[in-house]
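Trainee: I would like to learn how to read a structure like this one, feature by feature. Could you take me through it slowly?

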Amino acid sequence: MADGGILTSFFLIFAGAAVLATAALYTRQPLIVAYIAVGALLGPNGAGWVADQRLLAEIAQIGIIFLLFLLGLDMQPSKLLHMLRNTLLVGIASSLVFAGLGYGVARLSGFGFVDAAIVGAAMMFSSTIIGIKLLPTTVLHHRHTGEVVVGLLLLQDLIAILLLLLLAGLGAGEHAVPLWLPFVALPALLLASFLFVRHVLLKLIARFDVFHEYVFLVAIGWCLSLAVAAERGGLSLEIGAFVAGVALATSPIAQYIAESLKPLRDFFLVLFFFTVGASFDPAMLETVLLPALLLTAVVLGAKPVVFRLLLQRLKERNVLAWQVGVRLGQISEFSLLLAYLAEGGDLLSAEASTLIQATAIATFLVSSYVVVLRYPTPIAVSERLRRN
């Protein structure tokens with residue numbers, strides 16, 4: 001870490017992120033790219049000004065915990081079932097196609113079976129951050145296009161949760177747990193969390209809801225408590241946070257909690273994406289450059305086409321089907337998380353992790369440009385396309 005300790009490191013990270021985020025907004029790039037770039041520039045493989053990442057990586061994981069907690073808060077059963085019913089077949093079929101393409105490219109590039117399987121799994125997802133952030137809230141969120149995009153993203157998020165659960169059971173080394181344990185712990189965690197929310201948590205919130213600080217503290221405490229409980233049961237911290245959110249989703253207070261925690265989530269997510277960039281080794285990129293270029297081309301070319309063909313089979317209009325495909329034509333921050341956890345659990349090689357990171361960054365960049373230049377977004381270059 002920088003000589004001045006964690007305070008100097010935070011100064012370098014957030015000041016650098018602010019500068020690059022400004023440049024990103026001027027060039028119509030998603031802010032996530034700026035955060036990753038700061039990590040690459042200031043991390044141990046760049047200038048080395050923030051060299052010790054261990055503490056920052058632990059802090060950054062809190063951002064992922066809050067991300068999944070907020071995702072769970074938005075998954076009200078009725079809304080979730082409606083969206084999933086409309087997009088289930090498209091979501092599953094497209095995920096299988098993308099996983100097969102990613103696996104095939106990785107195998108052709110000389111990666112082993114496990115590496116290729118995880119690379120394929122990482123290709124299944126599209127970016128929730130980019131997909132949602134580039135949807136005009138007042139124009140598309142409550143129209144059919146927005147429903148299809150959000151429904152597909154939610155389904156992909158559920159698939160990602162299942163994969164994270166599987167990784168929790170397959171983790172190697174001293175932290176390994178029996179494969180069956182997470183599948184026993186998850187139902188127990190769900191039951192206990194819903195009972196506690198119904199009989200204890202909601203009653204406390206209802207009694208003291210005029211004290212906003214109290215609701216804020218209870219939400220954070222609930223999220224982190226269930227995350228730790230999940231880890232003790234052989235699951236991951238992220239799974240526990242997701243369950244904590246789902247258990248609260250039916251409460252009227254859920255949306256208030258979600259809005260309150262977004263700034264805190266964003267603070268920690270900056271650190272998470274910084275660590276992603278800091279762990280990116282340009283020297284190792286040389287060994288995966290051709291596979292990364294090929295995989296990027298496959299993702300950018302195949303995702304819009306596959307989504308378009310599948311949605312057309314469900315009688316969606318050609319224009320809508322193509323727009324949805326283009327908006328979802330990248331891989332996801334969940335892909336980065338999958339690589340991060342798999343490499344940490346000794347399931348994924350450093351080369352394969354670099355391949356996923358390079359593909360994610362490239363597809364974020366290119367797909368964002370395409371969406372901004374062609375479709376209504378809040379940051380469109382053209383006044384005709386700019387929608388808030």
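Trainee: At what angle do helix H12 and helix H15 pack, and how far apart are their axes?

Mentor: Two packed helices are described by the angle between their axes and by the distance between those axes. In this model, which is predicted, helix H12 (residues 254-278) and helix H15 (residues 333-344) pack at an angle of about 65°, and their axes lie 12 Å apart. H12 passes H15 in a left-handed crossing.

Trainee: Which residues make the contact between H12 and H15?

Mentor: From H12 come Phe272, Phe273 and Val276, while H15 contributes Glu333, Leu336, Leu337 and Tyr340. Sorted by character, the residues of this contact comprise 6 nonpolar, no polar and 1 charged.

Trainee: How many helices and how many strands does the protein chain have?

Mentor: The protein chain has 16 helices and 0 strands. Of its 388 residues, 51% are buried, and of its contacts with a separation of 6 or more, 77% join residues 24 or more positions apart.

Trainee: Which residues of a single helix, say H10, are buried?

Mentor: An α-helix has 3.6 residues a turn, so residues three or four places apart point the same way. In H10 the buried residues are Val215, Val218, Ala219, Ile220, Trp222, Cys223, Leu226, Ala227 and Ala230. This helix, residues 212-232, has 21 residues and reaches 30 Å from its first C-alpha to its last, close to the 30 Å expected at 1.5 Å a residue. Just after H10, glycine 234 takes a positive phi of about 90°.

Trainee: How many of the residues of H11 are buried?

Mentor: H11 is mostly covered, with 11 of its 12 residues buried, and among them are Glu238, Gly240, Phe242 and Leu248. The end C-alpha atoms of H11 (residues 237-248) are 17 Å apart, which agrees with the 16 Å that its 12 residues should span at 1.5 Å a residue.

Trainee: Why is leucine 84 counted as buried?

Mentor: Leucine 84 is counted as buried because its relative accessible area is 13%, and buried means under 20%. Leucine 84 is found in helix H4 (residues 77-108).

Trainee: Which residues does leucine 84 touch, leaving aside those up to four places away in sequence?

Mentor: With those set aside, leucine 84 touches Gly151, Leu154, Leu155 and Leu158. Sequence distance and spatial distance are also worth reading together: leucine 84 and valine 150 are 66 residues apart in sequence, and their C-alpha atoms are 9.6 Å apart in space.

Conventions:
Residues numbered from 1 in each chain as written. Predicted model: local features only at pLDDT ≥ 70, side-chain atom pairs only at ≥ 80, totals over all residues. Heavy atoms only, no water. Axes fitted to C-alpha atoms, helices over the stretch in contact; angles between N-to-C directions. Helix = DSSP H or I, 4+ residues; strand = E, 2+ residues; numbered from the N terminus. Left-handed = near helix turned anticlockwise from the far one by under 90°. Contact = heavy atoms within 4.5 Å. Nonpolar A, V, L, I, M, F, W, Y, C, P; charged D, E, K, R; others polar. Expected span 1.5 Å × (residues − 1). Buried < 20%, exposed > 50% of the residue type's maximum accessible area, 1.4 Å probe, protein only.
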